[in-house]
Amino acid sequence: MTINLKLQKRLAASVLKCGRRKIWLDPNEINDIALANSRRNITKLARDGMIIKKPNVVHSRARVQLRNEAKRKGRHTGTGKRRGTANARLPFKVLWMRRQRVLRRLLKKMRDAKKIDKHIYHSLYMLAKGNQFKNKRVLTETIHDMKSVKAKEKSIQEQVDARKTRAKTRLDRKAAKEAKKMADAEAAQAASS
């Protein structure tokens, strides 16, 4: 005849603060355990080691960690493993935000470092907003191009200005020479008469 230890198991679960499935009753001490009908008795038996709370079952994450490590390398991510759309997996909006932030950060840095003036900054900012640059490299190339064009225009303008000033000084010298010649001629005429 088997002895029913349902009460003892319930009390032990309550005393040891766990579920009934975690309670182990010593099969050699069944008669002593059957006599225990109060929490105090159950506590005493637990102290003596006749009733034990089983350890937690190990739920290893080793395989999961291994798989995640492989996924970081790009394994197990082929077309057959994908459930969501490309947009669901990594939204286009997130990519757009990342790109805009990178480009705007670069523009701000260059403007603060006085590498570009506020006019170039603004025009490039608006072009970035209009999806003109697919990455940082394209933007830096555009900046270099714009700067070289601006430098060329500036040098040409300086050359034009220099030419104008040279022409003006030449004309002034010529006019002064003419005036001197006229004055000399007038003086010579006055002297002869």
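Trainee: How many salt bridges does the structure hold?
Mentor: Keep in mind that we're looking at a predicted model. Counting up the salt bridges in the structure gives five.

Trainee: Which residue forms a salt bridge with Asp112?
Mentor: Look along helix H6 (residues 92-112), where Asp112 has its partner four residues away, about one turn of the helix. The closest N and O atoms of the pair are 3.5 Å apart. Asp112 is also tied into a network of salt bridges with Lys108 and Arg111. The partner in the 3.5 Å pair is Lys108.

Trainee: Is Lys108 buried, partly exposed or exposed?
Mentor: Its relative accessible area is 44%. Buried needs under 20% and exposed needs over 50%, so a value in between has its own label. That makes Lys108 partly exposed.

Trainee: How many residues apart are Lys150 and Asp117?
Mentor: Their side chains meet in a salt bridge, 2.8 Å from N to O. This pair links distant parts of the chain: Lys150 sits in helix H8 (residues 136-192), while Asp117 is in the loop between H6 and helix H7 (118-129). Along the chain, the gap is 33 residues.

Trainee: Which helix gives the most to the largest nonpolar core?
Mentor: That core has 13 residues, and Ala12, Ile23 and Ile51 are among those touching the most other members. Helix H1 (6-15), strand S1 (23-25) and helix H3 (39-48) each supply at least two residues. With three residues, the top contributor is H1.

Key:
Residues are numbered from 1 along each chain as its sequence is written. This is a predicted model: local features need pLDDT of at least 70, side-chain atom pairs count only at pLDDT 80 or more; totals for chains, interfaces and linings use all residues. Side-chain values use heavy atoms; hydrogens and water are left out. A nonpolar core is a set of buried Ala, Val, Leu, Ile, Met, Phe, Trp, Tyr and Cys residues joined through side-chain atoms within 4.5 Å. Buried means under 20% relative accessible area, exposed over 50%, partly exposed in between (1.4 Å probe, protein chains only). A salt bridge is a side-chain nitrogen of Lys or Arg within 4 Å of a carboxyl oxygen of Asp or Glu.
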